[in-house]
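Hi,

Here is the structure I said I would pass on. Have a look at it first, and my notes follow below.

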Amino acid sequence: MSGKIPADKIEQVRLASDIVEVVSRYLTLKKSGKNYFGICPFHKEKTPSFSVNVEKQIFHCFGCGEGGNVFNFVMRTENITFPESIRLLAKQAGIEIPEDEENLADYRHKEALFYANNLAKSFYLHNLISEKSAQKARDYLADRGIGPDLYEKYGIGYALDGWDNLIKHAKEKTVKTEVLFQAGLVLQNKEGGYYDRFRGRVTFAIHNTSGQVVGFGARRIINDNSPKYINTPETDVYQKRQVLYNLHNAREAIRENDHVIIVEGYTDITGMAMKQFNNCVATSGTALTADHAALLHRYTKNATLLFDGDSAGASAAVRGAEILMENGMDINICLLPGGQDPDEYARNNDHQTIKTFLAKAQPYVDFRLDQFKNVDKGENAAQKSDLTRDLLMTYAKVTDPIKRAYMVKELSEKLKLEESILWNEIKKMQRHVPKPITEQQAKAAPIKDPSFFSSKRGAAELGLMTSVFLFPELIPDILKNASLDLFSHPEIHDFFHHLETDKVESNNFDGTRYLSFIEDPYIARNLSQLLATDNQSDNQKSVTQYAKDCIITIQLSIVDIEIQNARKELQNGTAVNPKEVLERIQFLLQKRKEITVGSFISFN
């Protein structure tokens, strides 16, 4: 159990963080009986096997075996540590965590970057609203229909046209310039000094799924030779491949519509939102990635790519569609007419017109097949074969075999080619496509290397812990026969220490509460599986014998190590008194025999 944050605070945060509510921020859950189910975010699957138990406040995936409580879930989805998950949930629940833990350097570093980014967001917003010199920025936004009522929600601001405005403001707030540099907000010159990265630009704050500001995009508002957009570089809190602009705002609308609209620009989001399309997200200066696909798949499997109608927009749509399809999503492509971007199109049309236009979006395959019409009126066989192979390469990466079969059948009919020819090409291509992890493989593969638990002693320590979860009635006998010094794993040791010091018995044992303090994901997944399944079929007599065997195994492991060390003394010639070492070995061998028959163990 964690000694870094007080146990009572951990328990307070756990009780304040309903797991259904927390998990629903990341993926779509549907109630079935007493539990909620959804598509597991930790492995690829077609049918929901990810279960959330409201009563026990745990999650468990029956496909890959992942499981635990609300902290374990946040740790896995946000890729953060156990203390960080507690602090994140505490912040969302309005609970203050005392700053008295050890080893908080990494956490404090990230928190400093979040704080610096949020400070910058507030500063830029203040500039946009209040500064006289920001009038040109307000005019630029007003021309796009963006008024002050949208500034806060979409993280819009203005970076003053100067070299050190943010630096000066941060110093007033006691934020070091070095932190601004680490957050990507300032640049360093050749002399070692610093200057603001964003100057004279409209800024758009980029948030992660938890709503924390992680970076910025900034657009020029005058026509000069500078880049149209500049963005925050990757930092310790901002990885572009894992972040989509506006997802923190749009996820509820995406769930409700079971559909996401993907655009490229920041103002595309505001333009569409002003016409009541709130299920839109944008890439942040990067192409769509597999991480983006996994992120979106938590909320829906249906996506429309709404891009500019020029050749660059078409190419980007194709690349993005391929990535999303390979990761299990159903994709439509919608290219805008007349060189318009989504922002322009939204401003020039009403809601119903846009809705009707989006309804005409083409499925990915139809969109690609239309490209054949532009290849010498379909008469150039070489180019057509290249396009066909290009399309089949995407099919080869689709993991759902039934879906792929229908796609190939449809393609065969449209191209008037035999299915067998297409399948032969796909099979050739699949030899070079990395095989996806199967559900069985995912289930067998733990998050971290469980080398300790693959040993007899490790398996026995965990087995004794699970015995308590199966039948808490065994607690007194286990504590009587297994002293705390038997346990080498720190979390298992702490678990039994708390059982002993809290004077826990079967009538006041709360497995869900004790799971709250488990950081090791391998232990969490095993315990959550026990809690998520019906254990009535387990026979107490057999579990009692299992607990006895675990104690014997642990004791034998300790004695075997002592025997091995003693023999090494004799073999290495380091024994001061060889006769005494031999006598110790004889004593240990006799003790081993007695342990083997269980003579030290007494269960009522």
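Of the 604 residues in the protein chain, 51% count as buried. Bear in mind as you read on that this is a predicted model. The secondary structure comes to 28 helices and 17 strands, and the C-alpha atoms fill a box of roughly 90 × 70 × 55 Å along the principal axes. Looking at contacts with a separation of 6 or more, 66% of them are made by residues 24 or more positions apart.

Starting with the low residue numbers, there is a hairpin made of E1 and E2, with two residues between the strands. Gly33 sits in that turn and has a positive phi of about 70 degrees. Strand E1 covers residues 30-32 and strand E2 residues 35-38, and they pair in the antiparallel sense over three bridges. If you want a residue pair to look for, Lys31 stands opposite Tyr36 in E2. E2 is also joined to strand E3 (residues 50-53), again antiparallel, by four bridges. There, Asn35 stands opposite Asn53 in E3.

Next, a helix pair. The axes of helix H4 (residues 82-93) and helix H5 (residues 105-130) come within 11 Å and cross at roughly 40 degrees, which makes H4 oblique to H5. What meets what across this contact? From H4 you have Glu84, Arg87 and Lys91, and they meet Asp106, Tyr107, Lys110 and Glu111 in H5. By type, the contact residues divide into six charged, one nonpolar and no polar.

Then there is the six-stranded sheet, which is open, with mixed pairing and the order E12-E14-E13-E15-E16-E17. Strand E12 (244-245) and strand E17 (362-363) stand at the edges; each has a single partner strand, so one side of each is left without a neighbour in the sheet. For E17, strand E16 (residues 330-335) pairs with it in the antiparallel sense over two bridges, and the bridge partner of Ile333 is Gln362 in E17.

Helix H11 packs on this sheet, touching E12, strand E13 (260-263), strand E14 (280-283) and strand E15 (302-307). The direction of H11 makes about 170 degrees with that of E14. Is this helix buried or exposed? Eight of the eight residues of H11 (residues 266-273) are buried, so the helix is largely enclosed by the rest of the structure. The buried set is a mixed bag, if you want to click through it: Tyr266, Thr267, Asp268, Ile269, Thr270, Gly271, Met272 and Ala273.

Last, the cysteines. How many disulfides does the structure hold? Zero. Cys280 is in no disulfide, and the nearest cysteine sulfur, that of Cys334, is 11 Å away. A disulfide would need the two sulfur atoms within 2.5 Å. Cys280 is buried too, with a relative accessible area of 1%. Another buried one is Cys550, at 4% relative accessibility.

If you only have a few minutes, I would open the sheet with H11 packed on it, then the contact of H4 with H5 and its six charged residues.

Cheers

Key
Residues numbered from 1 in each chain as written. Predicted model: local features only at pLDDT ≥ 70, side-chain atom pairs only at ≥ 80, totals over all residues. Heavy atoms only, no water. Axes fitted to C-alpha atoms, helices over the stretch in contact; angles between N-to-C directions. Parallel < 35°, antiparallel > 145°, perpendicular 65-115°, else oblique. Contact = heavy atoms within 4.5 Å. Nonpolar A, V, L, I, M, F, W, Y, C, P; charged D, E, K, R; others polar. Buried < 20%, exposed > 50% of the residue type's maximum accessible area, 1.4 Å probe, protein only. Pairing = 2+ DSSP bridges.
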